[in-house]
Amino acid sequence: MILGLDVGGTQTDAVLVKDGHVVAHGKTVNGADLLETLDTALDQVLSGVDPKEVRRAVFSTTLATNAIVEDHLEPAGMIVSSGPGMDPEWFTVGPSYHVVSGCMDHRGTEVTPIDRGAVMNAVSAIKRQGIRVAGVAGKFSVRNPLHELMMSQWITDSFSYVAMGHIFSGSLNFPRRVATTYLNAALHGVHHSFVSALEKTLTRRGITAPRYLLKPDGGTVSLSGSYRFPAQTAQSGPAASVMGALALDGCRETALILDVGGTTTDMAILLDGVPLCVPRGITLGEFRTSIRSLLTRSLGLGGDSRVRVDDKGCLKIGPTREGSAVAFGGPVPTPTDAMIVLRLLHAGDLKAARRAMEAVAGPLNLHPLAAAERILTNMAQTIALSAEAFLYSVNSRPVYTIHEVIECARVAPTILIVLGGPAPMLAPYLAAAFNLPYRIPRFHDVANAVGAAAARVTTEVTLQADTQRGTAVIPEAGLEIPIRRDFSMEAALSMAREILEKRASDEGASPDELDFAVTEKEEYSMVRGGARVGKNIRLKLTIVPGIAPDWAEKEQC
């Protein structure tokens, strides 16, 4: 059996999968105590199940994303070395940012030794601000991580966690690496609390199966390994929507995925069952990162969004959520109240929902039923407008699938795949707003948890080879390997693939799911004094995200 669990902004969903089919599922409204919420969610699907029958557990969460968006990051110090070139002060991030001397050149050769005294002075300044976590980043650390390793070793006893830039991505782009390093440090506390709560809950229940977290690229990483990459779990919720749609529907057209939750609506595009991705890194809040991700868009509009009429008599829905619907004891009218009044949803207190609609209908001079209709129509039209902007941005640049770059391809959805609790109630309104047909997969209300359960293990490696220096560096694996002067691209591919497969196997991937893709490939000669002195080879390999081979269920209602 496989356990899938998604901790969303409003609710936590859980599913239990056996022989490729969902055999139990449940939803739990999030409470103040995360441990209690997790316990309740697991009770719904694990009642009467022998814990030893669970052979894999996969989780997704929006906690990291919410911490970024709501500016609840833990203060983190940053120590940066860059050398000449762009002013590193341009990339200042966080409350305590320090630039120290010491640099590598673009080939990873040390130009200036790192200044230990300056590093320790930075540590003192950071500690005086009461900061407990820190990050270190060097400009060309992915070519030679020595300076980051030295800084980390010097300061590790001064902080509860030290993030190093070179282990998060093997790609260049110093600004993105600085931001990503900072986020990993600033999210360490939130992530540690989440993982600790999960570990306690699972251990207490006797579940010893391998545990994984979903990543924003739709793949998984081991729960223990995720401690090193806290920011890598950001956007795992929207990624779970995509994987859930793939698992439950297959999406064998140009499909627009709409996952309508309580707080947000997440959208994504699949081209004949293949998701689009952001290969250079996603933007999280104000931070441009180097975190590889599926291409998704989130809109602050869901079933529990606040509904009001402004001073100009205009109907406004979202983006804030102030609690559950009035029908469930909440403080303000919501689209869920509209669904209840229209008898599309048979739940909650109908009288309370009617009072909520009367409060909206009065300023609009409408009957409460007409006000409820207008709320759902406006909600669907707002989602359609946001999707139109999303599609425009997609069609304004080359389209990246997880396999390849498709240039000059115009993306035009032919079908809506509607997920989330409100899907059956809202889908007809969305179909009218988009003028497109729709499908609602079975288990649409727990699709994220299904997506987490069905996702397979992924990982990636970046190989940087310099034949003149005689070394190949794979920063994600912490490896520096001697190479011959005739080292070739073919040899690089073989070396990178061997290490990629080992990393994937260590993460729990089975041999039949090691479908890899070359996502970056570059080779050029180095010339000095008119003579060729060596070759520089750069190569990035990725295990392609997808649905686990043992997944079987694709059912529609």
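1. In this predicted model, a good place to begin is Leu-16, which, once its neighbours within four places in sequence are left aside, is in contact with Met-1, Ile-2, Leu-3, His-21, Val-22, Val-23, Ala-24, Val-45, Leu-46 and Val-49. Leu-16 belongs to strand β2, which covers residues 11-18.

2. The relative accessibility of Leu-16 is 1%, and so this residue counts as buried, the cut-off being under 20% relative accessible area. As for its distance to Leu-5, the two residues lie 11 residues apart along the chain, and their C-alpha atoms are separated by 8.8 Å.

3. Turning to the cysteines, the count of disulfides comes to zero, where a pair of cysteine sulfur atoms would have to lie within 2.5 Å to qualify. Cys-277 is in no disulfide, since the nearest cysteine sulfur, which belongs to Cys-251, is 16 Å away.

4. Are these two cysteines buried or exposed? Cys-251 has 0% relative accessibility and therefore counts as buried, while Cys-277, with a relative accessible area of 6%, is buried as well.

5. Further along the chain, helix α12 spans residues 447-454 and is mostly covered, with eight of its eight residues buried. The buried residues of α12 are, in order, Ala-447, Asn-448, Ala-449, Val-450, Gly-451, Ala-452, Ala-453 and Ala-454, a list that a reader may wish to follow on the structure while looking at this helix.

Methods:
Residues are numbered from 1 along each chain as its sequence is written. This is a predicted model: local features need pLDDT of at least 70, side-chain atom pairs count only at pLDDT 80 or more; totals for chains, interfaces and linings use all residues. Side-chain values use heavy atoms; hydrogens and water are left out. Buried means under 20% relative accessible area, exposed over 50%, partly exposed in between (1.4 Å probe, protein chains only). Helices (H or I, at least four residues) and strands (E, at least two) are DSSP runs, numbered from the N terminus. Contact means heavy atoms within 4.5 Å.
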